[in-house]
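Reader: I am new to this structure and would like to go through it slowly, with the reasoning spelled out at each step. Could we begin once it is in view?

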Amino acid sequence: MRRTVNPGTRSELQKVAYSSGNLAVNLMSQAFATYLVYYYVDILGVRPAWISLAMVFHGVLNAVLNPLFGHLSDRTRSRFGRRLPYIGFGLVPLAAAFALLWIPPASGDGAFLYFIGTVMLYDGLFVLVVLNYSALFPEMFQSMKDRAYVSSWRQMLGIVGMIVGVAIPPLLYAQIGWGAMGGIFAALSALFLAFSLWGSWENPNVPRTTFRLTAAVGHTLGNRAFVFYVTGSFLVQFTFALLPAGIPFYTKYVLGREESFNTLLLGAIFLSAIPCVFLWGRMTAKYGARRGVLTAVVCYAAALLPFGWITQEGSAIATAAAVGVGLAGLLVLLDVMLSEVIDEDERRTGARREGMYFGMNGFIVRWGVSLQAACMGLILEVSGYDAGLNEQPASAAIGIRWMLSGIPAAALLLALLFFYFYPLGNKRSPSSDHDFRSGD
């Protein structure tokens, strides 16, 4: 027998519990992205070209799995629900796969095949668990107020996970080794995902999709609101990828500081973003997602522009803190906007298809990282940057400044255009007044 579930009766602790899953997601993804290639190339001695090839394959696999697993989730029928079984049965294998990444049985080129195998295993489990975790959000929280509030908690805890995943590994692997570090992070991730599962629920009576994969993709890409949203989101995600990748070059060749100064700049961004996510959440609940995202894009773009001319450390830290304010708003608002799109799609198709929408969103914005790498390589190449030089020519410094200011600001202005034409501009989501009850 199923008990009646009403999201309005959920405790604050359960909402925070669900949100804590984002800490585990960002902890794993940031540690993976920041240290795995360094570990296999610099510590284990695997050829860089082979690892680069494997990481390209990893990116393609990750992108393709998103819509496939999303569609599978939408069509799942079980007595445990559509999303919860994948999270419940997948969180321990996911944590184990993450731990395996850091304990290869060999070094040198012998670790390459192990790297490919474990990365593929980790990729599949990560997409399966995280996509279903994310797909619960629009179904669980149907009012704009709840979505803004819970999204604020998710992003705040996600930033904490990001900080832990980037800042803590050097302190651990230097003392206890890479394998033990991976085991500790895996255990923490499993713990927070399990806590998140405790705070999660599903509506057993939600209308399920009967579309085949090709039809589901067609309906998704034919949704005008989704097209405007995902194009703007892609451009925003491109700037998210460009910012941390460009900061080390900015620190070394514009400010003339040591690598440790990167931590101060990134720390200023994250620490200012943490309290601001709740301010953006309140603004979103009051004024709606469309108005909120337009304001956040303007704030974020304006904050990036000073990187184009400042050369003083204090000014750079202040600029980074200002960047965190706008970035916090976009982190909160993107999932809220996608939830509105899913509500609209339910009225058009008669089915809730969170899995496909989060999957297609993941597939498209994933290529923002590829665009960032291409853009960064092009800027460094044409500006005269030479890795063999300790002091770069003035043209290289100008290119690096543009990489953190003019280029992302231009992308954000284009994103602003797409968000301006985003057609779902109501303060509240269309489904915000619907009852959310399950029968016996």
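## Rings, charges and a helix

Author: In this predicted model, one aromatic cluster is formed by Phe32, Tyr35, Tyr38, Tyr39, Tyr40, Phe98, Trp102, Phe115, Tyr122, Phe126, Tyr173 and Trp178.

Reader: How many aromatic pairs does the structure hold, and is the pair of Phe98 and Tyr122 stacked or tilted?

Author: The structure holds 28 aromatic pairs. For Phe98 and Tyr122, the ring centres are 6.0 Å apart and the planes stand at 50°. Planes under 30 degrees apart would count as stacked and those over 60 as edge-to-face, so at 50° this pair is tilted.

Reader: Which parts of the chain does the pair of Phe98 and Tyr122 tie together?

Author: Both Phe98 and Tyr122 are buried. Because Phe98 belongs to residues 84-100 and Tyr122 to residues 111-140, the pair ties together parts that are 24 residues apart in sequence, namely helix H4 and helix H5.

Reader: Are the rings of Tyr173 and Trp178 stacked or tilted?

Author: Tyr173 and Trp178 are both buried. Their ring centres lie 3.8 Å apart with the planes at 10°, and since planes under 30 degrees apart count in this way, the pair is stacked.

Reader: With which residue does Arg154 form a salt bridge, and which helices hold the two partners?

Author: Arg154 also lies over the face of Phe137, at 5.2 Å from the ring centre. In its salt bridge with Asp335, the closest N and O atoms are 2.9 Å apart, and both of these residues are buried. Because the two lie in separate helices, the pair ties together parts that are 181 residues apart in sequence, with Arg154 in helix H6 and Asp335 in helix H13.

Reader: Where in the structure is Asn22, is Asn22 buried or exposed, and which residues is Asn22 in contact with?

Author: Asn22 is placed in helix H2, which runs over residues 21-43. Its relative accessibility is 8%, and because buried means under 20%, Asn22 counts as buried. Leaving aside neighbours within four places in sequence, Asn22 is in contact with Tyr133, Arg154, Gln155 and Gly158.

Reader: Is Glu313 buried or partly exposed, and what is its partner in a salt bridge?

Author: Glu313 has a relative accessibility of 33%, and since this falls between the 20% limit for buried and the 50% limit for exposed, Glu313 counts as partly exposed. Its salt bridge has the closest N and O atoms 2.8 Å apart and is formed with Arg257. The pair links distant parts of the chain, 56 residues apart, with Glu313 in helix H13 and, in the loop between H10 and H11, Arg257.

Reader: Which residues are joined into one network by salt bridges that share partners?

Author: By the rule used here, the count comes to 16 salt bridges. One of them has the side chains of Asp74 and Arg83 meeting at 3.0 Å, N to O, and both of these residues are buried. Salt bridges that share partners join into one network the residues Asp74, Arg82, Arg83, Glu139, Arg147, Asp343, Glu346, Arg352 and Glu354.

Reader: How far does helix H12 reach, and which helices do its buried residues pack against?

Author: Helix H12 has 16 residues and reaches 22 Å from its first C-alpha to its last, close to the 22 Å expected at 1.5 Å a residue. Its buried residues include Ala289, Gly292, Val293 and Leu294. The buried residues of H12 pack against helices H6, H10, H11, H13, H16 and H17.

Conventions. Residues are numbered from 1 along each chain as its sequence is written. This is a predicted model: local features need pLDDT of at least 70, side-chain atom pairs count only at pLDDT 80 or more; totals for chains, interfaces and linings use all residues. Side-chain values use heavy atoms; hydrogens and water are left out. Helices (H or I, at least four residues) and strands (E, at least two) are DSSP runs, numbered from the N terminus. Buried means under 20% relative accessible area, exposed over 50%, partly exposed in between (1.4 Å probe, protein chains only). Contact means heavy atoms within 4.5 Å. Rings of Phe, Tyr and Trp (its six-membered ring) pair if their centres lie within 6.5 Å; planes under 30 degrees apart count as stacked, over 60 as edge-to-face and the rest as tilted. A charge sits over a ring if NZ of Lys or CZ of Arg is within 6 Å of the ring centre and within 35 degrees of the ring normal. The expected span of a helix is 1.5 Å times one less than its number of residues. A salt bridge is a side-chain nitrogen of Lys or Arg within 4 Å of a carboxyl oxygen of Asp or Glu.
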